[in-house]
Amino acid sequence: MPEFATLTVDGKTIQLPIVRGTAGEAGLDITKLRDQTGYLAYDPAFGNTASCTSRITYIDGDKGILRYRGIPIEQFESHPNFVEVAYLLIFGRLPSVDELARFSARLTANAPLHEGMKHHFEGFPVNAPPMAIMSAMINAQSCFDPEFLHLGDDDEKFTEAAARLISKVRTIAAYSYRRARGMPFVYPDPRLRYCANLLHMIFSMPYDQYIIDPDIEDALNLIFILHADHEQNCSTSTVRMVGSAKANLFASCAAGVSALWGPLHGGANVEVLEMLDAIHKGGLSPEQVLAKAKDKSDPFKLFGFGHRVYKNYDPRAKMLQKVCERVFAHMNRQDPLLDIARKLEELALKDPYFVERKLYPNVDFYSGIIFRAIGIPTDMFTVMFAIGRLPGWIAQWKEQHDLVGGRIARPRQVYAGTALTDFVPMDKRPK
Ligand code: SDX
């Protein structure tokens, strides 16, 4: 039974259809608002705007719920397999044993870069930001795969393009790490699984293969799973926006990398480590950091805290905190930054400023500490986030791509500039 809301403006009353989601969340369909009333909806930063309906990921920010294709993320914890979750997000269901084996084989086959791609790394300065390299090299990859620039409705081509992207971003990430340190590239080892191969390409040396620790491999699978999708966040909305123009999958994901780089988004995991390190080096006490974060005259934010959607504990942060404890116990490791993080969390969770605003740790608060424990340097943290998020971007791009009658995304604005004025010739302008 269709449901409607009633809107009356300037003496005119219209009916707005109500769109209801699977879990009961509701939206007002304003697709005819401007035609019927001449008014636009006004929602800067889209905090109250649903850009689409989607079947991929469900978040309940008040209850701290996150589900991939209906499966709660907590259920991936006991047997974390990032490639399996990538398949789930992209194809909408868990793969059979044979389907997973075939998809994994595609990833293995696609792991090496075209030798021509390697020369692009030489063109970057050794201190080039890895996220700049990642974004550039995803577009560069499409130059070697022209057949994937137009996927049309060819499912086989899409599957191969998705596998190629997921596999090669891992190699690109490892090569950017090695290039920055003047180390020789290590080729992917076809005998290794996805996460193990990444660790191998980052840390092995010729004649000295990195020994894969299964517990660290499991931890990395789970970390990537927890980053894999998060409905219409900034970078995913960017991918969908770019894809709505019928831009190809590679260009759309390269745009997603650029959005994710922002310190308010995926770049926060780098900011968290720098914040913790600054405290450790004696710059500021945890109490002083919280005071800075609360000071409205100071642009500083408590990085790794707060979220547009979660007004409860980010379920990923809870799981990453447990991964952190497990990895540290397994490695018998101590890290003063972890102690500082725990102190900051303890203080913030009982500070009225954070409690009133429902600011809790988010996915970025603990992830960097775990990467650091594994040996991943700070400048690679957001690249690791991008590797994890790529399957979600691909799934969301495909959902947008397959929309029947899908239109190019083109928000409107309320103009607040000069109403009307004339051009002033140079000889009439002030000196
Ligand atoms: C990610 O959208 C996603 O799903 C993103 C993500 C994903 O998986 O894709 O979850 C990944 O990006 C996680 C967030 C990582 N970013 C950070 O940790 C940066 C620090 N956090 C903040 O910048 C902020 O919380 C955001 C950006 C995450 C959310 O910003 P919003 O929704 O615009 O929140 P807001 O600015 O409207 O905050 C409401 C109030 C404000 O104070 P008042 O004006 O009410 O007095 O809370 C304050 C804010 O100043 N506030 C903070 C704060 N976060 C919000 N104050 C201090 N420190 C913070 N971290």
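Q: Let's start with a pocket. Which helix gives the largest share of the lining of the second largest pocket?
A: H3 does, with four residues. Keep in mind that we're looking at a predicted model.

Q: How much space lies in that second largest pocket?
A: About 320 Å³. There are 19 residues lining the second largest pocket, and those closest to its centre are Asn81, Val83, Arg193, Tyr194 and Glu217.

Q: Fine, and which elements give two or more residues to the lining?
A: Find four helices in the viewer: H2 (82–91), H3 (97–109), H7 (194–203) and H8 (214–227).

Q: How does the lining of the second largest pocket divide by class?
A: It's a mix: eight residues are nonpolar, six are polar and five are charged.

Q: Now the helices. How are two packed helices described?
A: You use two things, the angle between their axes and the distance between the axes. Try it on H14 (residues 336–348) and H16 (residues 364–374): their axes come within 10 Å and cross at roughly 170 degrees. Angles over 145 degrees count as roughly antiparallel, so H14 is roughly antiparallel to H16.

Q: Which residues make the contact of H14 with H16?
A: On the H14 side, look for Leu337, Leu338, Ala341, Arg342, Leu344 and Glu345. Phe365, Tyr366, Ile369 and Arg372 come from H16. By class, this contact has seven nonpolar and three charged residues, with no polar ones.

Q: Can we do another pair? At what angle do the axes of H5 and H17 cross?
A: Roughly 35 degrees, for H5 (residues 130–144) and H17 (residues 381–401), and the axes come within 8 Å. Pro130, Met131 and Met134 of H5 make the contact with Thr382, Val383 and Ala386 of H17. Here the count is five nonpolar residues, one polar and no charged.

Q: Last one, the sheet. In what order do its three strands run?
A: The order is S1-S2-S3, in an open sheet with antiparallel pairing. S1 (4–9) and S3 (26–28) are the edge strands, each pairing on one side only. Direction ignored, neighbouring strands are turned by 30 degrees against each other on average.

Q: Over how many bridges do S2 and S3 pair?
A: Three, with S2 (residues 12–20) and S3 running in the antiparallel sense. For a spot to zoom in on, take Val19, which stands opposite Gly27 in S3.

Conventions:
Residues are numbered from 1 along each chain as its sequence is written. This is a predicted model: local features need pLDDT of at least 70, side-chain atom pairs count only at pLDDT 80 or more; totals for chains, interfaces and linings use all residues. Side-chain values use heavy atoms; hydrogens and water are left out. On a 1 Å grid over the protein atoms alone, a cavity is a set of points where a 1.4 Å probe fits but cannot get out, and a pocket is an open set with protein on both sides within 12 Å along at least five of seven lines; lining residues have an atom within 4 Å of a point. Grid points are joined across faces, edges and corners, and a volume is the space filled by probe spheres set on the points. Ala, Val, Leu, Ile, Met, Phe, Trp, Tyr, Cys and Pro count as nonpolar, Asp, Glu, Lys and Arg as charged, and the others, Gly among them, as polar. Two strands pair if DSSP finds at least two bridges between them. Axes are lines fitted to C-alpha atoms, for helices over the stretch in contact, and angles run from 0 to 180 degrees between N-to-C directions. Angles under 35 degrees count as roughly parallel, over 145 as roughly antiparallel, 65 to 115 as roughly perpendicular and the rest as oblique. Contact means heavy atoms within 4.5 Å.
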